Amino acid sequence: MRIDRLVAILLLLQQREQVTAAEVARELEVSERTARRDLDALAMAGVPVYSMQGRGGGWRLVGGARTDLSGLTVREARALFLVAGQASAATPTVKAALRKLVHALPEPFRAQAEAAASSLVTDPQRWGSSRVEPRPPRFLDELQDAVIRGVQVRLGYVDRAGTETERTVHPLGIVAKGPSWYLVSNTETGRRTFRIDRVSSADPTDEPVHRPEDFDLAESWREIADEVDRKRTPLEIQAVCAPHGMALLRMAFGGRLEVGGATTDGRIEVVIRGRDEYVLAGELAGLVEWIEVTGPPGVRDHLASIGNALVERYG
């Protein structure tokens, strides 16, 4: 934890130009003795910090020295180091920029910063899945640049059926979901989402984007994701579940589960989404000890059929 405190003190010095040991102790929730020892350690490590004695005294950086990390908290600085690491999912351009910020730290801190940058491995693959590493899509940088500059783009796009079209879009934002990247845009036919790995060309124009004043990318993506989830799982079943079975139900269905209120007998009302009545019945068959399906009738019939088949084979 000491390196965290030393980086935090350095950032405090940059923000306030001068600090006292009492202020450092209060900010970092340590004793004044510990704060003085840390300030002395900064000076001994070669950081250009010195103390001014007497009334109005304190600790300062020589000549008001600053780094490009001015204003960051220690947690933010640590997060910066992690994102700059080789295992990060950030694009090469972002990694290069972050590494420049990391190297802006004074020499005594660079070893710890570089250690933080190499301390995390991200493995997006599930057990048993392909080991092919996803690559950033071809036109990601061009589309990010268009979003930032607020200019329209002539977009070539290949849909799921393999049909290629071209249109002018108003880029509003980019979303990374798992290994896939999406462009959220306004078009002549309304708001659309494009998978960036299906973009065949991206030519920025000089025309400004028409961006709704109340547009919020995170909220817009939540709406898009909810709509996609409902299209993927259009079937809804109603059921009641024993309270001690809710943890298993959440593990089994995740975001496909909606929890309602309690019934008069203490069970919990739930709605579960799926794509097919028979498949959903199969998923529920192992949970009959805790859950009772109340509808639709087709799922109940499939459950009864599965139960009869199990009794016939194993009874």
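## Getting your bearings

A residue counts as buried when its relative accessible area is under 20%. With that in hand, here's the overall picture: the chain has 315 residues, and 35% of them count as buried. Keep in mind that this is a predicted model.

The secondary structure comes to eleven helices and twelve strands. Take the contacts between residues with a separation of 6 or more: 56% of them involve residues 24 or more positions apart.

## The nonpolar core

Nonpolar side chains tend to be buried together in soluble globular proteins. In this model, the largest nonpolar core has 20 residues, and Ile-237, Leu-249, Val-270, Ile-272, Leu-284 and Ile-291 touch the most other members. Several elements chip in with at least two residues each: strands β9 (235–241), β11 (268–274) and β12 (291–295), plus helices α9 (246–253), α10 (277–285) and α11 (297–314). Which of them gives the most to this core? That's β9, with four residues.

Ile-237 is a good place to start looking. Leaving out residues up to four places away in sequence, Ile-237 touches Val-270, Val-271, Ile-272, Leu-280, Leu-284, Val-293, Gly-295, Pro-296 and Val-299.

## A cis bond and an exposed valine

Two of the residues touched by Ile-237, namely Gly-295 and Pro-296, deserve another look. Most peptide bonds are trans. The bond joining Gly-295 and Pro-296, though, is cis, with omega at about 0°. Pro-296 sits in the loop between β12 and α11.

Another loop, the one between α10 and β12, holds Val-288. Is Val-288 buried or exposed? Its relative accessible area is 55%, so Val-288 is exposed, the cut-off for that being over 50%. Val-288 and Gly-245 are 43 residues apart in sequence, and their C-alpha atoms are 9.9 Å apart in space.

## Helix α7 and its buried face

Helix α7 covers residues 140–149. Its buried residues are Leu-140, Leu-143 and Ala-146. Looking down the axis of α7, you'd find these buried residues within an arc of 130°, so they line one face of the helix. What do they pack against? The partners are the strands β4 (151–158), β5 (164–177), β6 and β8 (199–208).

Glu-142 is in α7 too, but Glu-142 counts as partly exposed, at 33% relative accessibility. Its C-alpha atom is separated by 8.1 Å from that of Asp-203, although the two are 61 residues apart along the chain. Just after α7 comes Gly-150, with a positive phi of about 70°.

## Helix α2

You can read helix α2 (residues 21–28) in a similar way. Here Ala-21, Val-24 and Ala-25 are buried. They cover an arc of only 100° around the axis, which puts them on the same side of α2.

Just after α2, Glu-29 takes a positive phi of about 60°. Most residues other than glycine have a negative phi.

## Two buried strand residues

Two of the strands that α7 packs against, β4 and β6, each offer a residue to zoom in on. Gly-156 is found in β4 and counts as buried, at 1% relative accessibility. Setting aside residues up to four places away in sequence, Gly-156 touches Thr-165, Glu-166, Arg-198, Val-199, Ser-200 and Ser-201. Gly-156 and Ser-200 are 44 residues apart along the chain, with their C-alpha atoms separated by 4.9 Å.

Ser-180 belongs to strand β6, which runs over residues 180–187. Its relative accessible area is 15%, so Ser-180 is buried. Apart from neighbours within four places in sequence, Ser-180 is in contact with Val-175 and Arg-195.

## The largest pocket

Rolling a probe the size of a water molecule over the atoms shows where empty space is left. The largest pocket in this model holds about 830 Å³ of space. Its lining has 18 residues, and those nearest the centre are Arg-160, Tyr-182, Thr-193, Ile-224 and Val-228.

What classes of residue make up the lining? Ten are charged, six nonpolar and two polar. Strand β7 (190–195) and helix α8 (217–232) each supply at least two residues of the lining, and α8 gives the most, with ten.

Notes
Residues are numbered from 1 along each chain as its sequence is written. This is a predicted model: local features need pLDDT of at least 70, side-chain atom pairs count only at pLDDT 80 or more; totals for chains, interfaces and linings use all residues. Side-chain values use heavy atoms; hydrogens and water are left out. A nonpolar core is a set of buried Ala, Val, Leu, Ile, Met, Phe, Trp, Tyr and Cys residues joined through side-chain atoms within 4.5 Å. Buried means under 20% relative accessible area, exposed over 50%, partly exposed in between (1.4 Å probe, protein chains only). Contact means heavy atoms within 4.5 Å. On a 1 Å grid over the protein atoms alone, a cavity is a set of points where a 1.4 Å probe fits but cannot get out, and a pocket is an open set with protein on both sides within 12 Å along at least five of seven lines; lining residues have an atom within 4 Å of a point. Grid points are joined across faces, edges and corners, and a volume is the space filled by probe spheres set on the points. Ala, Val, Leu, Ile, Met, Phe, Trp, Tyr, Cys and Pro count as nonpolar, Asp, Glu, Lys and Arg as charged, and the others, Gly among them, as polar. The arc is that of the directions from the helix axis to the C-beta atoms.
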